[in-house]
Amino acid sequence: MADKALPDKELLSILQAFVGKAKETILITDADLNVPGGPMILHANDAVESSSGYTARDLIGQRLGILYPAESLPGLIAQLRDAAQSGQPIQIEALATSKAGKPHWMEVSTIAILSPAGVITHFVRMGRDVTARKRAESERETTQRLLASVFGVLDQALGVIDDHGRFAMVNTAVTRQFGWSVFDLIGKPYTEIIDPAERPTVERQLATGDEMTCRMSVRLRHRKGDLLPGEIVVTTIPQPDGRPYRVMMVTQRADMPVDKSFEQAVRKALQGVGKSGTVVAGKVQLVGLAEVRAALGDRWPAVADRSFQAAENILRKHLGDTDVFSRTADDGFLVCFAELDESEAQFKARTIGNEIREKLVGEFPEMAGTDVTSFATTIQVDADDMMPENAIVNALEARLTRERKRLEDAAIKAMRAKLTTAEVWFQIVRTDTNHAAPIVLTRLPADIEDAQSTLLALGRSEYVPQTELLLLTGAAERVLAELKQDRTDLILTPVRLATLTHRRDAEHWLQVARTLGGPGKKRLVVEIRELGRDTARARLTDVTMMVSSLFRAVAFELPTTDPAFIAHLPITAPLVTIEARLLGDNATVPVTRLLKTLLPRRCRLIVKNVASSTLAVTLAKAGVPLIATNTPD
């Protein structure tokens with residue numbers, strides 16, 4: 001095999017090519033370590049210029065010290081002596097100086113080259129610029145020192161939990177509030193400060209949960225042994241190496257007694273189902289109250305009492321006799337829907353959330369910046385979640401949090417994947433004699449509609465402008481496709497009031513509407529949705545004037561069955577719509593009142609999304625002129 005070895009000349013040529021093209025800096029020096037300035041540079045590749053600013057021509061014949069500050073050179077020479085004595089490669093990080101005098105960090109590997117006689121003849125130094133890494137490390141260390149300083153003086157009791165579930169750090173607020181010293185807790189399980197009876201539940205929920213933040217009501221253990229009502233909020237922070245660390249906020253609070261009626265309702269719903277079962281539960285959450293608290297200061301308790309009382313009154317108004325709710329520590333309400341299925345509970349939760357939002361913003365000026373999110377879903381409850389007595393609340397809250405994130409992620413994924421290629425469909429409207437009416441409703445595909453409803457309930461409306469443009473464009477395409485047929489039936493397309501009152505969104509939407517000209521004016525009806533119960537008539541009149549020149553008519557979606565709301569609508573409104581679910585179990589009574597109020601206005605009513613033929617017959621007998629069933633055109 002020896003005859004296949006590369007000739008020395010060819011090997012030298014390959015090595016020269018490698019050295020010339022390498023991204024790492026490569027220097028070859030002599031071995032004289034006793035000369036001031038260090039060994040002489042005999043060769044430098046092109047990469048040296050990018051890090052130091054010196055060309056190879058600048059460096060050849062110069063001493064190695066030209067690349068380093070004078071104070072660093074003695075240490076550098078000592079390291080070269082170590083390499084010479086050991087005969088082994090060494091790697092160091094050293095502060096170098098560029099031609100312009102700018103400092104930069106180099107990571108350098110040095111190899112001593114020996115002659116056949118074992119005498120050191122040269123040093124080969126391969127390096128790379130690690131300034132960015134060293135700067136990041138320095139900034140991280142500075143940040144960590146600053147955070148540690150802030151961590152120590154905060155009034156909020158905090159602990160950092162390592163990947164083994166032990167305290168890696170606690171601040172002095174833990175000592176002040178709960179008596180535990182830093183030395184009591186460092187290296188101990190984080191459950192040390194939790195009531196032993198509740199530790200299994202807490203550990204299970206943190207171990208099985210995949211949400212980034214988990215909030216739980218717990219009994220906290222003072223060092224003296226007293227049990228205190230409190231709350232922990234645990235946020236998971238994944239590290240670059242994959243190990244999860246957690247930051248735990250520990251808060252003592254006034255004892256909020258366990259809502260026995262809520263627990264009893266859940267237990268009753270689970271009777272006879274063995275070790276586990278399901279309940280339909282939901283969360284109504286008031287968002288943004290931290291800013292309100294800070295702004296109001298001493299006035300906050302009074303405003304909070306009135307606001308939460310108003311929210312509770314709305315909950316009681318909408319919930320059935322066997323439904324129950326419980327106030328939570330994070331400005332929200334847990335709701336157990338005892339007799340509703342998941343779909344009905346979702347609609348009910350959204351209705352409650354919308355009404356609470358309108359109430360707070362309309363009647364409490366201090367709450368103008370708040371929002372209300374709401375959702376409902378089916379939750380699995382295990383036998384282990386039933387003890388101790390407040391475990392049910394904790395279990396439902398934790399699982400609702402996980403389910404909320406899952407629903408939100410799934411809805412966003414559906415929007416991103418399908419919105420750009422989605423096609424609208426058209427819902428049939430029938431008369432009270434069960435004949436097709438000369439109007440259809442423009443609808444989103446079911447999966448897109450469900451995803452948008454979920455996101456709106458969770459306070460996310462960023463996809464609404466796109467879906468409204470999709471609906472308008474779909475209606476416009478149908479008008480243009482049927483232009484030669486000279487059809488006169490109407491196509492109703494929806495848009496939110498918020499879109500028409502937001503300048504940029506309104507302009508984008510109106511731009512599409514204007515392109516239709518006469519055909520749009522002949523057949524399109526715009527349905528303005530999501531009106532607040534306290535929306536001023538003047539505001540709706542202004543919006544009507546803005547869009548009426550582009551459409552055949554302007555319709556309004558009723559947010560309530562209260563006939564008094566109709567007085568808010570412009571007197572010229574020819575058509576109103578209402579969701580069938582708002583009518584309740586006895587639909588005849590509310591529709592009769594609505595029809596009586598609409599009659600003098602010569603305004604017609606469409607009841608939308610009528611799910612059953614039985615309800616359709618009931619509505620027809622009550623005199624509802626137009627009924628939209630879930631049937632495509």
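**Two helix stories: α4, and α10 with α11**

Q: Which exposed residues does the face of α4 turned away from its buried side carry?
A: In this predicted model, local features need pLDDT of at least 70, side-chain atom pairs count only at pLDDT 80 or more, and totals for chains, interfaces and linings use all residues. Residues are numbered from 1 along each chain as its sequence is written, and side-chain values use heavy atoms, leaving out hydrogens and water. Buried means under 20% relative accessible area, exposed over 50% and partly exposed in between (1.4 Å probe, protein chains only). On the face of α4 turned away from the buried side, the exposed residues are Pro-74 and Gln-85.

Q: Where around the axis of α4 do its buried residues lie?
A: Let's list them: Leu-73, Leu-76, Ile-77, Leu-80 and Ala-83 are the buried residues of α4. They cover an arc of only 115° around the axis (judged by directions from the helix axis to the C-beta atoms), so they sit on the same side of α4.

Q: Is α10 parallel, perpendicular, antiparallel or oblique to α11?
A: The axes of α10 (residues 289-296) and α11 (residues 300-318) come within 9 Å and cross at roughly 140°. Axes are lines fitted to C-alpha atoms, for helices over the stretch in contact, and angles run from 0 to 180 degrees between N-to-C directions. Under 35 degrees counts as roughly parallel, over 145 as roughly antiparallel, 65 to 115 as roughly perpendicular and the rest as oblique. The crossing therefore makes α10, relative to α11, oblique.

Q: Which residues of α11 make the contact with α10?
A: Contact means heavy atoms within 4.5 Å. From α10 come Leu-289, Val-292, Arg-293 and Leu-296. Their partners on α11 are Trp-300, Val-303 and Phe-308.

Key: Helix = DSSP H or I, 4+ residues; strand = E, 2+ residues; numbered from the N terminus.
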